[in-house]
Each structure stands twice: as structure tokens, then as C-alpha cells.
Amino acid sequence: MHASWMALRTLGSDQSVKNAKLKPGTLKRIAGYAAPYKIIFIIFFFALILDALLTVATPLLLRELVDKGVVPKDGALVTKLAVVVGLLAIVTAAINVLVRWISAKIGEGLIYDLRSQVFEHVQEQSVAFFTRTQTGALITRINSDVIGAQRAFTSTFSGVISNTLTLLLVVGTLLALSWQITLASLALLPIFLAPTKWIGSKLQGYTRDSYELNAEMSSAMTERFNVSGALLVKLYGDPSDESWMFRKRARRVADIGISMAMLNTFFFIALISIAAIATAVAYGVGGHLAISGSITVGSLIAITTLLARLYAPLVSLASVRVDVMGALVSFERVFEVLDLVPMVQDAVDAKKLECQTPEIEFENVHFSYPKASDISLASLESAARPELVDSGEILKGISFTAKPGTLTALVGPSGAGKTTISALLPRLYDVSAGSIKIDSQDIRTLTLASLRHNIGVVMQDSHLFHDSIAANLRYAKPDATDSEMQKACEAAQIWELIQSLPNGFDTMVGERGHRLSGGEKQRLAIARLLLKAPSIVVLDEATAHLDSENEELVQRALSKALQGRTSIVIAHRLSTIMAADQILVLENGHIVERGRHEELIAKSGLYSELFARQDLTTTNE
């Protein structure tokens, strides 16, 4: 039965993979993953050999039982051989359990190794990688492709060995017992393989359609069942249209399931029927041979028993290349992710950054966003089309110094390069030319862990995990005590709110923090920053979308966060940075003005124009 299921799974496999070409060295690399399981592989191999031998041993014992026990009426021998056959059945069952345990141990161990390695490697990728990669495609690599790779060491490996050994031993034994009956029975094989090929092609089509439709349904549910998607559907969508589209896909999946179930039934019926016909032919031909004395009755029984174990391994091995290549291609797809070199990584001799109140220096910094081919894989993007026009140079010779403990504000129109500067400081990207220094040390010579440990960032849409308030706060400091969290929340002007909640710190914030208002999320993000206690603070329009009441609370929290720290603030509302130690005005990647608020107003340049425009808007409100 196991062999029958293996054969059926092969029929449903994508036959296109059999012509795939593997990269040089792939097999050697795969073998490296098997090395830790070398001893257990040897036990696995011998268990499969023993299982195949027992497949043949039982029919041969039945022959002896009939020919030397039943026919001569030797009751003692009959009893003895019957007990041996029963014991062999128990041994066979034990071996099958052992094979399954070893297969599971190797398979699950391999999945653990690969998933852990892929997860850790993906975490090392730059932010640029995640801006292009489709999350679903990446998760598929970690789940489906890793399982496909695991199959190479478990079901595919064991199936090939087991089926090959079984087939060789069964055919050899059949020919030894009676070549006439064997050839007559095998003559029926083409009759079985013809419809099997047709069933296989249909199953492949149905399987492919089922995967695609299920992927579409999963994508639709993922997009509509998160908070943002659900809000969009409720505000703009038509529930009846949404239901109709989903029901249409689900109905198609159901219809495919029915068709596959019927094809599976036809396959098993065909397998059982041909085996039954082959048995009938064996009894017909063998019966006459037994009457004539050419073979014994026991040999006839052994032959018919062996025939029942012949057809499924034949079908499985007929398409073994598809199974093997399918598993190897899955390995190659996993290796494709593992071989993607992180765009930003530690230098070989990187040093640890240790600073209290650092000085930050941008020295003639130029930056262009990297090309897609340098940061991602086409197969992980939803629309893998080459970009005809690159981003161009975003920063064009930016130079400035942020003195220790001072606040530097970045202002300017959208697209001027403000957010890019804030992303370069913690090395989310690396500069194209020039350098960024902290206390005279080029940040590319520092370890990423120590650099980012010293930098705290609050963005205009701070992300919160779907977890408790405490868990989100402790993400910045895992060993933080309740007392430390309370102090951070008091400084961030959010402690009163947390106190008023029935579950306090254990309150779940919901997906992306949607159970909190925008101002509450920002204040919680500031509390998280205070808990981290970085020496450098970067604020990327942290109050851009807040109402006046929340903005005042957040500003009060920010004043605590910035005390004694070197800070870079991207300001949307210029009124919030009037007290900055220096204001840099950016336009088209250049610093066009710099100075304090009063100095820039006096110049009557771009800053003065932007400030007047905002002041006029505020007055009109």
C-alpha cells in the first residue's frame, strides 16, 4: 500500500522538473547536509535491505509450508513454519516502524537545519531586500521548498532504494520459481502503464491548478484578514463581490478535489485489477504447470503472492527521475536564498562601538538606491520585471557635523533625501561614496550589532508586534523589569493609559498595534526607545500624522528622549524644531541652507518659504 501511495504521488508531480539542470556542485552541497546523519543513514540503508529481503522471504516460506508440510501431511513442520511466518510479520512491522522513525528523525532534523539557516540568513539581509521581496514567496521558500528538499533524504531516498531492491529480489525470485509464469504476468504491464500515463498527466494539471488557486485564496485572505485590509474592504469594498470571488475559487478547488479523488480511485482500481488479472493468469498458467508436475503447488502460491508486490514498485521507478529532480530543485531554490549575499554586513575586522554622547559626521556622502539584481531574487518578487530606469542619485555630496548632545533637524520638500539620511546612519543601506563617522570612526568599520545598539529610531508609523505591551517594550531590552518599564512609560507620557487598562502591561496591542490610537502607538514607541537608552536618537517625522493634543503629549515625551543624546530629527511640522541646534534644509539631494531657526528665517530662502506656508496653513485652520 505504501508503494502504491508513492506511485500515486509521483503521478501528480510536475514532470517538467525532470529536464531541469542543476548548478555544478549542488549534489556535493546537498551531501554536506547529510553528513551529520551518516551513522543513522547506514542503519536506515540496512533496514531497507532487510525489509526488501523479508518481502521475498515470506512467500518462499509459504512454498515450503505447502510443499513440505501440507502435501506430505507433516503437521509439525506446518506449525513450525506458520510460527516463523508469523514472527517474520512481527519483525517486518518492527522494521517498518524503525524505518519510519529514522525517516522522520532525518527529515525533521533536516527541516530544522534548513529553516533555521534560511531564517537567520534572511534576517541578515538589508532593508532593501525586504522592500522588493514578496513575503508570501519568501515564506514558501522556508516552508514548501524546505519540505521538498527534505523529501530527497526521506521518501525519495527510501523509495528509490526500497523499490529497487524489492523489484530486483521479486523479479529474480519469480524467474527462479518459473520464468514462464513471470513472463506471462509481466505481459500485462503495458496494459496498465498506458492508462497510468494518462491519469498522471491529468493529475499533474489538477495539482498545479489546485496549488495556484489555493495560493490565490491564501493571498486574498492574508490581505483581507489583517486590520488594514479589513478596513479597506469595509470602507471601499463590496462584501458580495468579495464573497463571490472567494466562493468561485473555493468551488473550483472543490471541483478539482472531486476530480482528483476519482482519478485516484481509478488508479487504485486499475492497480488492483491488473494485479488480480495477473494473479488469475499465474493461476491459469501455473495450474497447468503444477498439474504437469513442472512446478509444485507451493511454488504457485509463492509466485502469486510475489506478483501482488511487483506492480507498485514498477510504477514508482518508472517516474523516479521526476521525484529525484523535484527534490533536488527544491534544494536549489533554498540554496538560491542562502547564496544571496547581504548588501550590508560587518567588515572582517569590525570594531565594537562604545560611546556616551557621540559626534556624528557626514562627509561628502553620495547615495543611489541599489539595483534589484543586487539586493533580491526575481523569483521572490511578485512582478519580476527589469527596471528600465534606476533611482538616480538621491544624495549628492551631503556634509554636516552633529555635535555631541545636540539636535540636528532635517527639513525640506518630499523626496529631498531626508529619510535616506536617517536610513544611512544605522546602516540600513551603505553610502555609495563618502563616509559617515561616529566619533571619527567610519561606521563601516563598526559591528552592525554595536552600531544599532547605540541608535534608537522612532518613525512616523511605529511598528508594534501582535503581542502584549510588555513584550513590545521588552523587545528593546529583554531583561527590563516592570519598574524600568514603568519609568520609561512615565517619561513617554503613556503610563496613565497603561494603568487604566484592565490588564496593564499584559494588554494585547493587536496586529500592528491597531488597538491603540496613533498617538498612543507613538508614545509606546518612545517608551521602547527610552528603555533601550541609546546614545543617538533618530526621529523620522514622529509627529507627522498626530492631532494637536497627541502631538503635545508626544513632544513632551520626545523632550525626555532627546535629553543628553545626539539627535537627528526629520521634521514635517517646522514649529516642532524651532529650538534645534542646527537645521539643515535639503532640496534635490543637496543641503541648500543650514543654521538656526532665526538665521534661516532672516535669509528669506527655502526654509523661510516653507515656514511661512505652514504658518499660513495653521492660521487658516
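pLDDT is the predictor's confidence in each residue, from 0 to 100. The structure shown is a predicted model, in which local features need pLDDT of at least 70, side-chain atom pairs count only at pLDDT 80 or more, and totals for chains, interfaces and linings use all residues. Residues are numbered from 1 along each chain as its sequence is written, and side-chain values use heavy atoms, with hydrogens and water left out.

**View 1. Confidence across the protein.** The mean pLDDT is 80, and 83% of the residues reach 70 or more. Among the elements (DSSP runs numbered from the N terminus: helices, H or I, of at least four residues; strands, E, of at least two), helix α1 (residues 2-11) has the lowest mean pLDDT, 48, and β4 the highest, 94. Over residues 1-8 the pLDDT is below 50, and this stretch has 21 contacts (heavy atoms within 4.5 Å) beyond near neighbours in sequence. Where pLDDT is low, the predicted coordinates should not be read in detail.

**View 2. Strand β4 and its partners.** Strands pair if DSSP finds at least two bridges between them. Strand β4 (residues 433-438) pairs with strand β1 (residues 360-368) in the antiparallel sense over 5 bridges, and Lys 437 of β4 stands opposite Glu 361. Antiparallel strand β5 (residues 441-442) is joined to β4 by 2 bridges; there, Asp 442 is the bridge partner of Lys 437. The β4-β5 hairpin has 2 residues between its strands, and Asp 439 in the turn has a positive phi of about 50 degrees.

**View 3. Arg 523 in helix α21.** Arg 523 lies in helix α21 (residues 518-532). The side chain of Arg 523 reaches the backbone oxygen of Gln 493 at 2.7 Å. Arg 523 is buried (under 20% relative accessible area, 1.4 Å probe, protein chains only) yet has no salt bridge (a side-chain nitrogen of Lys or Arg within 4 Å of a carboxyl oxygen of Asp or Glu); the nearest side chain of opposite charge, Glu 520, is 4.9 Å away.

Technical notes:
Buried < 20%, exposed > 50% of the residue type's maximum accessible area, 1.4 Å probe, protein only. Lys, Arg positive; Asp, Glu negative; His and termini not counted. Polar contact = N/O pair within 3.5 Å; in protein donor to acceptor, adjacent residues only side chain to side chain.
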